[in-house]
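Trainee: I should like to go through this model and ask, for each label, what justifies it. May I begin once the structure is on view?

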Amino acid sequence: MNEYTYPILFGVTIGTIARMIMLKTDYRQYPTYLHGKIIHLALGFIAAGLGSVAVPAIMEKEFTAVTFLTIAASQFREVRNMERNTLSEMDSYELVPRGNTYIEGIAVAFESRNYLVIFTSLLTTMAYLVWNIYLAILVTVICIYLLRKYMSGSTLGDIVSVEEAKISFDGAGLYVDNIYIMNIGLPIRQKEIMKHGMGFILTPQNFDVRSTIANLGQRQAILHDISVSLGVIRDSGTPALVPLIKRDLDDGRIGVFILPQDKDVKKAIKVIRSVPVLENAIRMPSESKAQNK
């Protein structure tokens, strides 16, 4: 044992704990199984080790050792590919799929969290070596607080207002409020939809939000999260019983049609408001230079 042993062990421990905090099973049901969690915790332990060792390596002027961080970066990119491939395979068996945009967002999150572990371990180890264990604990508390605060981005509740809307038929046309959803010709299907269906209107707060919620990937994420949280009344081979979202071309509102097993309006609104705003779906046309001229 030498002067770097305890700081490195401290940094590795804190980094691994940070990865455990960022690894949770939520309503999206991933990762669920023990083996999936073990993979991510093992990668988090490796990332914590790399971040902790980097500081002593620099202090000992072993700059070549730091180059291993670049190798780690390439390995963690494989984590993104692994998650993308796994979720894509799983998605084909979902009654209401996540969609490629949602999957890509989850895959990027899993990759980036390994980098957060590296930074956490690096900072805590540095604080231990430069000052003492008490300041290292203070840095740990600050890092954990920031991780928990910024681990997730904004949700739909931050950018839209959600209201329940009446579903109705005009002939064979199904409407949520005044937004056309789809054509249902069979009377038996119309009765099922009127019995089990629910409708909601999402009104954007500004022009930028119109473009964001118009994204097909963002819309599919809404349908998937509602179906996971409230269930869905459909099975394979029933195209009429498919949750859908359509857009009002005049004002940018979107109409959400769902067939939940748990027909609870308050819970449904809460779920919709909690749907994450996908990074790949965010659009800001008002920031364009052409708009400001």
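Trainee: Why is Arg84 said to form a salt bridge with Glu104?

Mentor: The closest N and O atoms of Arg84 and Glu104 are 2.8 Å apart. A salt bridge requires a side-chain nitrogen of Lys or Arg within 4 Å of a carboxyl oxygen of Asp or Glu, so the pair qualifies at 2.8 Å. Arg84 lies in helix 4 (residues 68-91) and Glu104 in helix 5, so this salt bridge ties together parts that are 20 residues apart in sequence. Helices here are DSSP runs of H or I with at least four residues, strands are runs of E with at least two, and both are numbered from the N terminus.

Before we continue, please note that this is a predicted model, in which local features need pLDDT of at least 70, side-chain atom pairs count only at pLDDT 80 or more, and totals for chains, interfaces and linings use all residues. Residues are numbered from 1 along each chain as its sequence is written, and side-chain values use heavy atoms, with hydrogens and water left out.

Trainee: What makes Arg84 partly exposed?

Mentor: Its relative accessible area is 24%. Buried means under 20%, exposed means over 50%, and partly exposed is what lies in between, with a 1.4 Å probe and protein chains only. Arg84 therefore falls in the intermediate class.

Trainee: Which residues are linked with Arg84 in a network of salt bridges?

Mentor: The network links Arg84 with Arg80, Glu104 and Glu111. The search of the whole structure finds 9 salt bridges.

Trainee: How do you know that Glu94 and Arg98 form a salt bridge?

Mentor: Their closest N and O atoms are 3.7 Å apart, and the same cut-off therefore admits the pair. As to burial, Glu94 has 30% relative accessibility and counts as partly exposed, whereas Arg98, at 2%, is buried.

Trainee: What does the salt bridge of Arg253 with Asp177 rest on?

Mentor: The closest N and O atoms of Arg253 and Asp177 are 3.2 Å apart. Arg253 lies in the loop between strand 6 (244-247) and strand 7 (254-258), and Asp177 in the loop between strand 3 (173-176) and strand 4 (179-183), so the pair ties together parts that are 76 residues apart in sequence. Arg253 is buried at a relative accessible area of 13%, while Asp177 is partly exposed at 41%.

Trainee: Why does Arg19 count as having no salt bridge?

Mentor: The nearest side chain of opposite charge, Glu83, is 7.1 Å away. Lys and Arg count as positive and Asp and Glu as negative, while His and the chain ends are not counted. Set against the salt-bridge cut-off, 7.1 Å is therefore too far, and Arg19 is buried without such a partner. Arg19 lies in helix 1 (residues 5-22).

Trainee: Which residues does Arg19 touch, not counting those up to four places away in sequence?

Mentor: They are His40, Gly44, Phe110, Arg113, Asn114 and Val117. Contact means heavy atoms within 4.5 Å.

Trainee: What makes His224 buried?

Mentor: The relative accessibility of His224 is 1%, so His224 counts as buried. His224 is placed in helix 9 (residues 216-230). Beyond neighbours up to four places away in sequence, His224 touches Glu94, Val96, Pro97, Arg98 and Tyr102.

Trainee: Which residues form the nonpolar patch on the surface?

Mentor: Among them are Met59, Trp131, Leu146 and Tyr150, and the patch has about 1000 Å² of accessible area together. Patches are made of residues with over 30% relative accessible area and no salt bridge, like charges being joined within 9 Å and nonpolar side chains (Val, Leu, Ile, Met, Phe, Trp, Tyr) within 5 Å. The areas come from the Shrake-Rupley method with a 1.4 Å probe, and for residues only the protein chains shown count as cover. Leu146, at 41% relative accessibility, counts as partly exposed and is found in helix 6.

Trainee: Which helix gives the most to the nonpolar patch?

Mentor: Helix 6 does, with 6 residues. Helix 5 (100-130) and helix 6 (133-150) each supply at least two.

Trainee: What does the secondary structure of the chain come to?

Mentor: The chain has 11 helices and 7 strands. Of its 293 residues, 42% count as buried.
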